[in-house]
Amino acid sequence: MATVGLRDVVDEDLDAIFDQMRDPVAVHMTAFTAEDPDDRAEFDAHLHRLRTSPDITLLAITVNGVLAGTIASFPVGADIEITYWLDRAYWGQGIATAAVRAFLTTIPVRPVIARAASDNAGSLAVLRKTGFTKTGTEIAYANQRGKEIEETVLRLDTPC
């Protein structure tokens with residue numbers, strides 16, 4: 001059985017995270033990504049902002065000690081929102097669900113908001129399994145689809 005863990009993102013993770021976040025299948029599924037996932041300079045600048053902002057928590061997701069993805073929380077207005085990215089090699093194994101559950105225990109406030117492209121069934125399933133409920137949908141421009149698409153907005157009110 002896989003052991004899922006969370007830890008700080010370290011410099012040695014950046015090459016692997018960059019590769020994960022430009023996987024064409026994952027990028028299409030996520031939809032709301034960087035305009036150019038292959039732009040390493042923009043990626044490095046973005047990760048630097050995430051890692052140094054006092055308002056953002058960014059952690060590495062590990063499986064048996066191996067980097068498998070990232071998970072983060074950040075403020076949006078008065079709310080806290082979470083996001084995560086999992087290497088496609090780990091999809092469908094319960095890794096994302098375990099990582100989100102563990103991460104939510106580190107967030108002391110509620111509600112917590114999450115969003116996913118409405119056709120991203122895997123991510124929506126993870127969020128439902130971890131207690132999020134759908135509050136609505138929005139239409140937003142998705143860089144990786146080159147058009148506006150529907151995004152599902154979810155909310156978690158209960159403590160973990």
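The dialogue below goes through the salt bridges and the largest pocket of this predicted model.

Visitor: What makes D19 and R22 a salt bridge?

Guide: The closest N and O atoms of D19 and R22 are 3.6 Å apart, and since a salt bridge asks for a side-chain nitrogen of Lys or Arg within 4 Å of a carboxyl oxygen of Asp or Glu, the pair D19 and R22 qualifies as a salt bridge.

Visitor: Why is D19 called partly exposed, and what is R22 called?

Guide: Partly exposed covers the range between under 20%, which is buried, and over 50%, which is exposed; D19 has 46% relative accessibility and therefore counts as partly exposed, and R22, at 33%, counts as partly exposed.

Visitor: How do you know that E151 and R115 meet in a salt bridge, and where in the chain do they lie?

Guide: Their side chains come to 3.7 Å, N to O, which is to be set against the limit of 4 Å. This pair links distant parts of the chain, because E151 belongs to strand 7 (residues 147-156) and R115 to strand 5, 36 residues apart.

Visitor: Is E151 buried or exposed, and what does R115 count as?

Guide: The cut-off for buried is under 20%, so E151, with 9% relative accessibility, counts as buried, whereas R115, at 28%, counts as partly exposed.

Visitor: Which network of salt bridges includes E151 and R115?

Guide: The network links E81, R115, E138 and E151, and a search of the whole structure finds 13 salt bridges.

Visitor: What makes D119 and R145 a salt bridge, and which parts does the pair tie together?

Guide: The closest N and O atoms of D119 and R145 are 2.9 Å apart, within the limit of 4 Å. D119 lies in the loop between strand 5 and helix 5, and R145 in the loop between strand 6 (133-142) and strand 7, so the pair ties together parts that are 26 residues apart in sequence.

Visitor: Why is R145 called buried, and what is D119 called?

Guide: R145 has 17% relative accessibility and so counts as buried, the cut-off being under 20%, while D119, with a relative accessible area of 46%, is partly exposed.

Visitor: Which residues lie nearest the centre of the largest pocket, and what is the volume of that pocket?

Guide: The largest pocket has a volume of about 1200 Å³ and is lined by 48 residues, of which T30, F32, T83, Y84 and W85 lie nearest its centre. By class, the lining has 29 nonpolar, 12 polar and 7 charged residues.

Conventions:
Residues are numbered from 1 along each chain as its sequence is written. This is a predicted model: local features need pLDDT of at least 70, side-chain atom pairs count only at pLDDT 80 or more; totals for chains, interfaces and linings use all residues. Side-chain values use heavy atoms; hydrogens and water are left out. On a 1 Å grid over the protein atoms alone, a cavity is a set of points where a 1.4 Å probe fits but cannot get out, and a pocket is an open set with protein on both sides within 12 Å along at least five of seven lines; lining residues have an atom within 4 Å of a point. Grid points are joined across faces, edges and corners, and a volume is the space filled by probe spheres set on the points. Ala, Val, Leu, Ile, Met, Phe, Trp, Tyr, Cys and Pro count as nonpolar, Asp, Glu, Lys and Arg as charged, and the others, Gly among them, as polar. Buried means under 20% relative accessible area, exposed over 50%, partly exposed in between (1.4 Å probe, protein chains only). Helices (H or I, at least four residues) and strands (E, at least two) are DSSP runs, numbered from the N terminus.
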